[in-house]
Amino acid sequence: MASITYENVSLIYPGAKKPSVNQINLEIEDGEFLVLVGPSGCGKSTTLRMLAGLEEVSSGRIMIGGKDVTTIPPKDRDAAMVFQNYALYPHMTVAENMGFALKMAKVAKSEIKERVEEAARLLDLTQFLDRKPKALSGGQRQRVAMGRAIVRAPQVFLMDEPLSNLDAKLRVQTRTEIARLQRRLATTTVYVTHDQVEAMTMGDRVAVLREGELQQCAPPRELYENPVNAFVAGFIGSPSMNLFTKEVNENKEVLLGGNPIVVPENAGKSVTVGIRPEHLSMSTEGIEATVDMIEELGADDYLYCTTGLGFPLVVRGDQNNLPEKGSKVHFSFDKDRALFFDGESGVRLK
């Protein structure tokens, strides 16, 4: 096990006009489960691949366990990687796939057998050790890929969207298994996903990237309640936060639904107001909206609405008082729960 440090790390590909990853500074504690999340093309997989040694760092340095590994070959970094595709050898059994890296390292057969059997017990794969990959389900194949990493007993686990090929129900089940396994092994883990729900349910901390730059790294609850900018506020949360950009008047107010809202003193010419769907409720006045769709999820219902403000609105509905589709309703909100961001830079205003 080991800590991980990114120190002013950048990567710019030949011919590119700007870095794919720009000045990343990040400390990952020994035994921590850190999730890298962001939209497609934000640089999260590149950040992980630099740690694995699969991409060459343009500037800065990366350290594992206090050792500078920036220029060290991948095989010498003591990191095990699990990819989106399972990358299993089809002609080998589950046991042979899991123990292959140890065999190449000329580990004794008795030790390979012991490590493989222990990993199989952890992953509930004991009954499949003699099968070939084609005889396994997608979830079982992914567990074999994880087992192959576990038997190496590396300092760090690196996982690049390992659940992307699984169906929705199996993803939920498997991410629970991964989180439970990581807590049991206490191995430092860096996990990449584009799914913010996955990130929020698995990570001890979540690092949000955008266009190659680290926006915020914090525990899931802190990201949700105290985003540092409008991008993080809109990206974290399902459904996402409602964001309205409005002009600030001479009284340091913005008008939202006909009601004046006092904005922070350091506000500029415009302010983006952020309101979570659960902080809105039906009222006799406030923001007027037309209900376009009702998403019924069992325990929760979400109303997807259009407004005259030029922005859509998502509201968590009251199951005992749901409006009809197509109806016009008003929504009010607790002004103390609203968040404010600079209208141009998106930076959080206090």
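**Exercise 1. Disulfides**

Determine how many disulfides this predicted model contains, and account for the result at Cys 217.

*Solution.* Step 1: the criterion is a pair of cysteine sulfur atoms within 2.5 Å. Step 2: for Cys 217, the closest cysteine sulfur belongs to Cys 42, at 13 Å, which is too far for a bond. Step 3: applied to the model, the criterion gives a count of zero disulfides.

**Exercise 2. Accessibility of two cysteines**

Classify Cys 217 and Cys 305 as buried, partly exposed or exposed.

*Solution.* Step 1: a residue is buried under 20% relative accessible area and exposed over 50%, with partly exposed in between. Step 2: Cys 217 has a relative accessibility of 22%, so it is partly exposed. Step 3: Cys 305 has a relative accessible area of 3% and is therefore buried.

**Exercise 3. The surroundings of Thr 307**

Describe where Thr 307 lies, whether it is buried or exposed, and what its side chain approaches.

*Solution.* Step 1: Thr 307 belongs to strand S17, which covers residues 301-307. Step 2: its relative accessible area is 15%, so Thr 307 is buried. Step 3: a polar atom of the Thr 307 side chain lies 2.6 Å from the backbone oxygen of Phe 311. Step 4: leaving aside residues up to four places away in sequence, Thr 307 touches Ile 287, Glu 288, Ala 289 and Leu 313.

**Exercise 4. The sheet that contains S17**

Give the strand order of this sheet, its edges and its twist.

*Solution.* Step 1: the sheet is open and has five strands, ordered S15-S19-S16-S17-S18, with antiparallel pairing. Step 2: strand S15 (280-283) and strand S18 (312-316) are the edges, each pairing on one side only. Step 3: neighbouring strands are turned by 50° against each other on average, direction ignored. Step 4: S17 and S18 run antiparallel and are joined by five bridges; Leu 303, for instance, has Val 315 in S18 as its bridge partner.

**Exercise 5. The annotated domain and a mixed sheet**

State which residues UniProt assigns to the ABC transporter domain, then analyse the six-strand sheet.

*Solution.* Step 1: the unreviewed UniProt entry places this domain at residues 4-236. Step 2: over residues 4-236 the chain is 36% helix and 24% strand, and the end C-alpha atoms are 24 Å apart. Step 3: the six-strand sheet is open, has mixed pairing and follows the order S6-S7-S8-S3-S9-S10. Its edge strands are S6 (79-82) and S10 (213-218), and the twist averages 20° from one strand to the next. Step 4: five bridges join the parallel strands S3 (residues 33-37) and S8 (residues 188-193), and Val 37 has Thr 193 in S8 as its bridge partner. Step 5: helix H5 (residues 168-185) lies across S3, S7 and S8, at about 160° to S8.

Conventions:
Residues numbered from 1 in each chain as written. Predicted model: local features only at pLDDT ≥ 70, side-chain atom pairs only at ≥ 80, totals over all residues. Heavy atoms only, no water. Buried < 20%, exposed > 50% of the residue type's maximum accessible area, 1.4 Å probe, protein only. Helix = DSSP H or I, 4+ residues; strand = E, 2+ residues; numbered from the N terminus. Polar contact = N/O pair within 3.5 Å; in protein donor to acceptor, adjacent residues only side chain to side chain. Contact = heavy atoms within 4.5 Å. UniProt positions renumbered as here; feature names shortened; annotations may be inferred. Pairing = 2+ DSSP bridges. Axes fitted to C-alpha atoms, helices over the stretch in contact; angles between N-to-C directions.
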